[in-house]
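Got your viewer open? Grab the mouse and follow along, one selection at a time.

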Amino acid sequence: MSLGEIAKVALVNTALGMGTVFCVLILISIVIWILGVAFRKERMKAAAAPAAPEITGDKAAIPEPEDSGFELEAAIVTAAIHKFMSDQNVDTDEYIVRNIRRATWKHM
């Protein structure tokens, strides 16, 4: 085989391989899109009909306000830092988490 024939076979193999990969990726993207559309409809149906509060006697049941969970997050972060530092044999008695704030940047 000459160098030109080898290059032609290599080019055909490359095109077939890359074409197959792109076709499979497009197929996976379409399946994920279809699943997203199907589950979005179910979520919209569930959100459209909120549960009415039960009426017991003469008062309606008042739902509890949802907690932001910030105190729980602070406790979790503090526990994780404490565990990491204790695994590293660092004295954790003087370490206190005073402030936790969310990152303001957005991932691109």
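What is the mean pLDDT of the chain, and what share of its residues reach 70 or more? The mean is 78, and 72% of the residues get to 70 or more; pLDDT is the predictor's confidence in each residue, from 0 to 100. This is a predicted model, so local features need pLDDT of at least 70 and side-chain atom pairs count only at pLDDT 80 or more, while totals for chains, interfaces and linings use all residues. Residues are numbered from 1 along each chain as its sequence is written, and side-chain values use heavy atoms, with hydrogens and water left out.

**Start with the cartoon.** You'll find two helices and two strands, running α-β-β-α along the sequence. Helices (H or I, at least four residues) and strands (E, at least two) are DSSP runs, numbered from the N terminus. Color by confidence: among these elements, α1 has the highest mean pLDDT, 90, and strand β2 (residues 59-60) the lowest, 52. Where pLDDT is low, the predicted coordinates should not be read in detail.

**Show the surface.** The chain exposes about 10,500 Å², with carbon and sulfur atoms supplying 66% of it (Shrake-Rupley method, 1.4 Å probe; for residues, only the protein chains shown count as cover). Of the 108 residues, 3% are buried; that means under 20% relative accessible area, with exposed over 50% and partly exposed in between.

**Select Ile-28.** This residue lies in helix α1 (residues 3-48) and is partly exposed, at 43% relative accessible area. Ile-28 belongs to a nonpolar surface patch of about 1,100 Å², whose members include Phe-22, Leu-25 and Trp-33. Patches take residues with over 30% relative accessible area and no salt bridge, joining like charges within 9 Å and nonpolar side chains (Val, Leu, Ile, Met, Phe, Trp, Tyr) within 5 Å.

**Next, Lys-41.** Also in helix α1, Lys-41 is exposed at 53%. Add Arg-40, Arg-43 and Lys-45 to your selection, and you have a positive surface patch (Lys and Arg count as positive, Asp and Glu as negative; His and the chain ends are not counted; a charge is placed at NZ of Lys, CZ of Arg, CG of Asp or CD of Glu).

**Last stop: Lys-83 and Asp-87.** Which residue forms a salt bridge with Lys-83? It's Asp-87, with the closest N and O atoms 3.1 Å apart. A salt bridge here is a side-chain nitrogen of Lys or Arg within 4 Å of a carboxyl oxygen of Asp or Glu, and the whole structure has one. The two residues sit about one helical turn apart because they are four residues apart in helix α2 (residues 70-87).

How values were computed: Buried means under 20% relative accessible area, exposed over 50%, partly exposed in between (1.4 Å probe, protein chains only).
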